[in-house]
Every structure is written in C-alpha cells, then in structure tokens.
Amino acid sequence: MAVWTRKDLITLYDLEADEIRLILDTAAEFKKVSERRIKKVPALRGKTVVNFFVEPSTRTRTSFELAEQRLSADIINISASTSSLSKGETLLDTAKNIEALQVNLIVMRHSAAGSHYFLARRLKCGVLNAGDGAHEHPTQALLDIFTIREKKGKIEGLNVSIVGDILHSRVARSNIWGLLKLGANVTIGGPATLVPKEFEKIGVRVCDNLKDTIEGADVVNLLRIQHERQRASYFPSISEYASIFGLNKETVKYLKPDALIMHPGPINRGVELDSSIADGTQSVILEQVTNGLAVRMAVLYLIAGCI
Ligand code: CP
C-alpha cells in the first residue's frame, strides 16, 4: 500500500501506479461521504485553500470549491481579471503574496504549461494543478480513471480510445500517463495533424480514422477541439471534422454495446458527438462530473496530510 508523501500534485507522469491507486481508493471512501445525509467532514478544518483560476472553468473550479467545503477548509477564490496579474504583477509575486497570508494550498489553472512546477519549487504551500496549458490536467484524468474502474471493475487490460485534438489536450496527456501506468491499452485517433505519432514511442497505438480508433474499445473518451490553443488550421472545417471523426448514430455502431462513452466537457454538441450519444445510455459524462468531487476530496485530503 502506497503512502502519500507529496505536497503538490502537478502531473500523473510523476506518480507511481500505487500512488494513483491510493487516490482512487481514497476517492471511493469520499464518494460514500457524499451519499450521506450530512455530507461534510472536518478533515481540512483550520486549513486555507486558494482557488486561483487564470483560465475559465466551470466543472473543475466548482468541483474543487465544493470538495474544499465538504472537507471544512477555509476558501478564497481569485481569478485573473480580479487579481493584480491584470496590473502587471508577476505570477510568482502574486503567489508569494497569497502564501504570505499563511495559505496551505493553492489550486491553480493557468494557460502556461509548467507554471505549477515553477511555483511548487518556490513555495512552501502545496500546489495543485487544475490544468496547465496543453500539458496536464491530473484530477480530470483521475476522475476519468475512477469512473472507468467503477464501471468496469478494473483498468488493467482494458482498451481505452481517446479521440480528437490530442495535440492541444492536457486531458489526453494525463489520461495516457495514468492509464498506461495502470496497465490499460491506449489508442489515440483523430486528424493526423492533431494526433502526434510520437506517442507510439511510449506504447500508445496511433490511428488516423475513427473506425480503427474505436472498434473493440471498452471505453471511448471524446475530446473537444480546442480552438483557443490552435494557432493554425488543422482541418478544413468543423463540419468536415464532425462528419469524419464525430460520434453519431451511425459511427456509434463501431463500438461494443457495453463500451463507455466519456467526455471531459465542455461538449461541442454536433461536433465531437451528437446529442443522442451524449445523452444516451452508454454515456457516463455526468457520472464523471459526480466522481470528480470524490476524487478532488481525496487529493486535497492526501496533500493536506503533507503540508
Ligand atoms: N473538464 C474541465 O476541465 O472542464 P472545465 O474547463 O469546465 O473546468
């Protein structure tokens, strides 16, 4: 059984398989807390957490804030537009001023890949990555993996396919590291311009058409086209993308009847998947969101034990 010793959670690349299992097992216990009549525990009483979101977020920010409330932490929320970043203060100065208020943990989303490593090395408080550019989004992958394990009973040996804009996706990177460490077979697919061949070097199967990507999969995780990170045209048009790589009533026939359909959100309905699929019986998209709360409670609890 692993023991948690880290003050930060920045990537799944850094974690051992046993550390990932410890988070998943701890999350399973916290999920039971959320099913009780009184959903609050005192685990983080006396600890202060700052949610510092420099990029927009609905799911991650709400989920972290609710997880902190359920653990009885004191919470402060800061966004880019309301912080002195907008007046030209550096990220490090802003973070050091937050830390000077004897904050225990900073949960940050930032557009710059590596910004969490930069802060974690310079701060005594814990740093938790809520998404950094196209690099990693560890708690999203942990909640995805938790949902797969809950539904399928295991991760090892499962065929998991990730479809879409892999090039710009922090969700894909964190999922790939976590799933490989736990023994899943990972396939990625999408337009060749958005699916780097280099992933083959770490044991990922790379496809450039939807049928090959998802046929025989136990789980298919569809990703949003991230226009905000794209600096070029990677395919001719959205409608062309939807017709070639979208999951709809026709293309869903490539899937096994018991395959799970996942999406980290936000969804572009009619692009990466049709509404009939997003809201259909194989979709676990909203269960992912529910499980995110338990996973974030687990991560906050484990890190709070080390700061
Ligand atoms: N999945 C995800 O990170 O969603 P938000 O951007 O809404 O947090």
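Helices and strands are DSSP runs, of at least four residues (H or I) and at least two residues (E) respectively, and they are numbered from the N terminus. The views below show a predicted model.

**Figure 1. The loop around H135, between β4 and α5.** H135 lies in the loop that follows β4 (126-132) and leads to α5. With a relative accessibility of 22%, H135 counts as partly exposed, because that class begins where the buried class, under 20%, ends. Leaving aside residues up to four places away in sequence, the contacts of H135 are T11, A113, G114, Y117, R170 and R173. I106 stands 29 residues from H135 in sequence, and the C-alpha atoms of the two are 18 Å apart in space.

**Figure 2. The four-stranded open sheet.** The strands are arranged in the order β2-β1-β3-β4, with parallel pairing. β2 and β4 occupy the edges and have a single partner strand each, so one side of each is left without a neighbour in the sheet. From one strand to the next, the twist averages 15 degrees. Within this sheet, β3 (residues 105-110) pairs with β4 in the parallel sense over 5 bridges. L105 has G126 of β4 as its bridge partner.

**Figure 3. Strand β1 and its partner β2.** β1 (residues 48-53) runs parallel to β2 (residues 74-79), and 6 bridges join the two strands. The bridge partner of F52 in β2 is I78. Of the 6 residues of β1, 6 are buried, so the strand is largely enclosed by the rest of the structure. T48, V50 and F52 point one way from β1, whereas V49, N51 and F53 point the other way, and all are buried.

**Figure 4. The five-stranded open sheet.** Its strand order is β7-β6-β5-β8-β9, and the pairing is parallel. At the edges stand β7 (205-207) and β9 (260-262); each has a single partner strand, so one side of each is left without a neighbour in the sheet. The average twist is 20 degrees from one strand to the next. Helix α5 (residues 138-152) lies across β8 and β9, and its direction makes an angle of about 165 degrees with β9.

**Figure 5. Strand β5 between β6 and β8.** β5 (residues 159-163) runs parallel to β8 (residues 219-222), and 4 bridges join them. In this pairing, I162 stands opposite N221 of β8. β5 also pairs with β6 (residues 185-189), in the parallel sense and over 5 bridges. V160 has V186 of β6 as its bridge partner. β5 is mostly covered, with 4 of its 5 residues buried.

**Figure 6. The loop containing E200, between β6 and β7.** E200 is found in the loop that connects these two strands. Its relative accessible area is 39%, so E200 is classed as partly exposed. A259 is 59 residues away from E200 along the chain, and the C-alpha atoms of the two residues are separated by 24 Å.

**Figure 7. The second largest pocket and its lining.** The volume of this pocket is about 190 Å³. There are 14 lining residues, and those closest to the centre of the pocket are L66, V289, T290, N291 and L293. Three helices, α1 (17-34), α2 (59-70) and α10 (285-304), each supply at least two residues of the lining. By class, the lining consists of 4 nonpolar, 6 polar and 4 charged residues.

**Figure 8. Backbone details at S72, Q102 and P266.** Most residues other than glycine have a negative phi, and most peptide bonds are trans. S72, which is not a glycine, has a positive phi of about 70 degrees; this residue is found in the loop between α2 and β2. Q102 also has a positive phi, near 60 degrees, in a residue other than glycine. Q102 is placed in the loop between α3 (91-99) and β3. At 67% relative accessibility, Q102 counts as exposed, because the exposed class covers values over 50%. The peptide bond from G265 to P266 is cis, with omega near -5 degrees. P266 lies in the loop between β9 and α9 (275-278).

Note on methods:
Residues are numbered from 1 along each chain as its sequence is written. This is a predicted model: local features need pLDDT of at least 70, side-chain atom pairs count only at pLDDT 80 or more; totals for chains, interfaces and linings use all residues. Side-chain values use heavy atoms; hydrogens and water are left out. On a 1 Å grid over the protein atoms alone, a cavity is a set of points where a 1.4 Å probe fits but cannot get out, and a pocket is an open set with protein on both sides within 12 Å along at least five of seven lines; lining residues have an atom within 4 Å of a point. Grid points are joined across faces, edges and corners, and a volume is the space filled by probe spheres set on the points. Ala, Val, Leu, Ile, Met, Phe, Trp, Tyr, Cys and Pro count as nonpolar, Asp, Glu, Lys and Arg as charged, and the others, Gly among them, as polar. Two strands pair if DSSP finds at least two bridges between them. Axes are lines fitted to C-alpha atoms, for helices over the stretch in contact, and angles run from 0 to 180 degrees between N-to-C directions. Contact means heavy atoms within 4.5 Å. Buried means under 20% relative accessible area, exposed over 50%, partly exposed in between (1.4 Å probe, protein chains only).
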